[in-house]
Amino acid sequence: MSNVRVRFAPSPTGSTHIGTARTALYNWLYARKTGGTFVLRIEDTDKERNTEAALQELLNGLKWLGLDWDEGPEVGGNYGPYFQSQRGDIYKEYLKKLQDAGRTYEKEGATFFKLEGERYTEYDEYHKADMEKVRTEPVVINDIIRGKVTRREERDFVIVRSNGDPSFHFVNVVDDIAMGITHVLRGEDHLPNSSKHVELFKAFNVEPPIFAHMPMLLKDPKEGKGKMSKRDKGALIEEYKSRNFLPGAVLNFVALLGWSTKDNQEILSIDELTERFDLKDIQKGGARFDEKKMSHINFEYMKALSPDDYATAAKPALLAANLIDESTDTSYLNASLALCQPKIDSFENLPSFAAFFFSDQFEFNEKAEGKVMKKGEPLVRIQEILTVLQDLDETDWTAEKIETAFNTLAEQKELKPFAWFPVVRFALSGTNSGPDFLPMLEVLGKQRVITRLESFLKNRTS
RNA sequence: GUCCCGUUCGUCUAGUCAGGUUAGGACACAUGGAUUUCAUCCAUGCAACAGAGGUUCGAAUCCUUUACGGGACGCCA
């Protein structure tokens, strides 16, 4: 164990953003790498905007990604409570320290933190008004990613609102002190806040933590300018969950947004990430989300799954599409999916790709029909192979024997097997692409193949 | 407007700290190939140091500066 203590401090006001997940991940990785403690603290000081649903979604999202916390909601810890809404007494105690030190004053019902320095009034272009400002000494924000950032606060700020609720800057710093936080890893949007926070640490006479402000996640330029928002496509963790992405793949991709290994390895397990992660290697510039790359990584993870794990992961999508139910034969399901695994790059596309394995009601693709049915004499070809396949014994129904049957027929008719393959595939699956052909026939089984070919002939000739 | 942080292929990035690389990888894209087909696989290609000065034999790398991008400027977090 090390004495590193990091915290992930989200505010449950809406859906969980992918940038939020990255912040959680980097904190988690740093804690795990250093043998430190990962604290989950819920910053629910804004009663108006916090919801129980958002909290549950957040917790579920973290669990789905496999990010467990050492202290926080549901697990407790020695520095609780872990909801800011329950820490009122602690805030009062710390507020008193500032009051006793003469670092606060009341104005319009709110409590302000008083900066130290000469006061003057100046017209402020941004606020379009005269404002009281303070000539403070600059503070240094010690940031692992950006080095020492020097910044100066020049306006007092609210630490307790007129409704009595303490404000973000205040509770954030108090909790970091009270919870013994050693490293603060958060988004770059907090960098300007950090000088406020350092001022507060100084007022409490506490050494500020080490900061690491990570780059922003930016919008796809096609979608607009600025940082990625919750409304942007691909921005929400829930979305990946519901689209049946693999959590490990999402985690892997998110880790690569602003961080990379020196040897360009991109597919990294959670253990490899933990081992190789380093705050110093985090990128300074903003990163843009690329859905194609996300899909690619997801596909790599799908391909690497064992057959059993693949079937387990594929089930929800197939169940949702009503292609299978609990009575579906497991060995048939697994055999079918084994043929799909190397071919199909997402579980959301799996149902349309694999439908014909599980249902006779698949659709015939028009484009494929144009390619396959307009050349030669497709119906004659089907009749020919049907006769041959009917004579095959059930026990001989293997890819190898089926291939022999096709080859023999091809020789007799002085044609290539290519004359039969596409039409048969079309008759059996409604399309001209899919799993490897011969294994597909084997898995479908003699009965399905014969029945489908027969009914195809019947429908097309009547 | 002010302050802060940034800027290498279309995108994510390696290389920058300790100056010498045909500036590397991945995704995407294009072409070719494998294959019964393919949404798969393989190969090849395309493509970047934001600009300008300076230091140096030599600059993506160090310095200055301009431009551009991002963030913040709430009794939100």
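Colleague: What makes Val 380, Thr 387, Gln 390 and Asp 391 of helix α14 count as exposed?

Modeller: A residue is exposed if 12 or fewer other C-beta atoms, placed from the backbone, lie within 10 Å of its own, buried if 20 or more do, and partly exposed in between. Those four α14 residues are exposed; Pro 378, Arg 381, Ile 382 and Ile 385 are buried. The buried ones cover an arc of only 95° (directions from the helix axis to the C-beta atoms), so they are on the same side of α14. This is a predicted model, in which local features need pLDDT of at least 70, side-chain atom pairs count only at pLDDT 80 or more, and totals for chains, interfaces and linings use all residues. Residues are numbered from 1 along each chain as its sequence is written, and chains are lettered from A and ligands numbered from 1 in the order in which they are written.

Colleague: Why is α14 called a helix?

Modeller: Helices are DSSP runs of H or I with at least four residues, numbered from the N terminus; α14 has 14, residues 378–391. Its expected span, 1.5 Å times one less than its number of residues, is 20 Å, and its end C-alpha atoms are 20 Å apart, which agrees.

Colleague: What does the buried side of α14 pack against?

Modeller: The buried residues pack against α13, α15, α16 and α18, contact being C-beta atoms, placed from the backbone, within 7 Å.

Colleague: How do you know whether chain A is compact or spread out?

Modeller: The radius of gyration, taken over C-alpha atoms, is 31 Å. The globule rule, 2.2 Å times the number of residues to the power 0.38, gives 23 Å for 462 residues, so chain A is more spread out than a compact globule.

Notes
Helix = DSSP H or I, 4+ residues; strand = E, 2+ residues; numbered from the N terminus. Contact = placed C-beta atoms within 7 Å.
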